[in-house]
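Me: Please take a close look at one helix in this model and at the charged pairs around it. I would like one connected account.

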Amino acid sequence: MKICIVNPGRCGSTLLLGYLHKRLPGYSLVYEIVNPVLPDVENIIFKYQYLHCFQPLHGADKYIIIDRKDKEAWLYSTYMSKKHNHFHGALKQEFDFNAEEYNNAKENLNMLYDNMWVPERNRLLSEGADMVWYEDIKIDEDVSINLPYLGNTKLEPVWSTTNQLPNEYIY
């Protein structure tokens with residue numbers, strides 16, 4: 001079985017991927033598929049970030065959609081991840097934030113989210129995909145105390161859950 005965790009991008013899919021992989025012995029893990037051609041392997045679990053690839057992925061046996069209820073949090077995480085080229089692992093103590101640049105990026109990200117991701121998410125849901133909201137993920141205590149590792153990288157909280165937001169963006 002090919003299990004795909006699909007998301008718009010930067011919203012916790014790696015955390016879910018690592019968690020599910022630990023619960024599915026015998027499944028190979030592919031960190032990220034970046035083209036619409038799936039590996040010719042059975043029993044794999046992988047993630048696919050739709051707004052990174054800009055095309056639908058077909059052929060998985062099971063799709064699990066993960067998204068954010070808090071769109072502002074998604075916007076901030078996506079922006080900061082891209083700006084700092086830093087997606088996983090411990091954050092630096094200091095980081096650069098430019099409110100004007102962020103507001104410009106938000107406009108583009110909102111357009112992509114609403115015009116591209118939402119229709120794709122609806123297509124997958126109409127075809128039987130399951131959906132999980134990032135904010136609703138409840139992970140067993142043994143995993144939540146020490147976030148799972150993916151290879152040698154310890155998965156740290158996403159940017160928008162680290163309480164390092166500038167004051168005007170704390171929600």
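Reply: What follows covers helix H4, then the salt bridges, then how far the model can be read.

This is a predicted model. Its mean pLDDT is 80, and 74% of the residues reach 70 or more.

**Helix H4**

Start with length. H4 has 28 residues, which at 1.5 Å a residue should span 40 Å. The C-alpha atoms at its ends lie 38 Å apart, so the span agrees with expectation.

The helix has a kink, though. The bend is about 35 degrees and sits at tryptophan 117. Proline 119 comes shortly after that point.

Both ends have something to show. At the N-terminal end, asparagine 98 acts as the cap. One of its side-chain oxygens lies 3.1 Å from the backbone nitrogen of glutamate 100. Just after H4, glycine 128 takes a positive phi of about 100 degrees.

Now the buried residues. They include Tyr102, Leu109, Tyr113, Val118 and Leu124. Trp117, the site of the kink, is buried as well. Charged residues are also on the list, among them Lys106, Glu120, Arg121 and Arg123. The buried residues of H4 pack against strand E1 (2-7), helix H2 (50-53), E4, H3 and E5.

**Charged pairs**

Side chains of opposite charge can pair when their charged atoms come close. With nitrogen and carboxyl oxygen within 4 Å as the cut-off, the model has eight salt bridges.

One of them joins H4 to H3. Aspartate 114 and lysine 71 meet at 2.8 Å, N to O. Aspartate 114 belongs to helix H4 (residues 99-126) and lysine 71 to helix H3, so the bridge ties together parts 43 residues apart in sequence. Aspartate 114 is partly exposed at 40% relative accessibility. Lysine 71 is partly exposed too, at 24%. Elsewhere, salt bridges with shared partners join Glu120, Arg123 and Glu127 into one network. Glu120 and Arg123 are buried residues of H4.

Two further bridges involve loops. In one, glutamate 135 pairs with arginine 68, with the closest N and O atoms 3.2 Å apart. Glutamate 135 sits in the loop between strand E5 (130-133) and helix H5 (141-145). Arginine 68 sits in the loop between strand E4 (62-67) and helix H3 (71-84). The two residues are 67 residues apart. Their surroundings contrast: arginine 68 is buried, with a relative accessible area of 5%, whereas glutamate 135 is partly exposed at 28%.

The other pair is aspartate 136 and lysine 69, whose closest N and O atoms are 2.8 Å apart. Aspartate 136 lies in the loop between E5 and H5 and lysine 69 in the loop between E4 and H3, so this bridge also ties together parts 67 residues apart in sequence. Aspartate 136 is partly exposed, with a relative accessible area of 37%.

**A buried serine in H1**

Away from H4, serine 13 is found in helix H1 (residues 13-23). Serine 13 is buried, because its relative accessibility is 2% and the cut-off for buried is under 20%. Leaving out residues up to four places away in sequence, serine 13 touches Ile5, Asn7, Lys47 and Ile66.

**Where to be careful**

Residues 162-171 have pLDDT under 50 throughout. The model has 24 contacts for this stretch beyond four places in sequence. Where pLDDT is low, the predicted coordinates should not be read in detail.

Technical notes. Residues numbered from 1 in each chain as written. Heavy atoms only, no water. Salt bridge = Lys/Arg side-chain N within 4 Å of Asp/Glu carboxyl O. Helix = DSSP H or I, 4+ residues; strand = E, 2+ residues; numbered from the N terminus. Buried < 20%, exposed > 50% of the residue type's maximum accessible area, 1.4 Å probe, protein only. Expected span 1.5 Å × (residues − 1). Bend = angle between axes of the 7 residues up to and from the residue. Contact = heavy atoms within 4.5 Å. Polar contact = N/O pair within 3.5 Å; in protein donor to acceptor, adjacent residues only side chain to side chain. pLDDT = per-residue confidence, 0-100.
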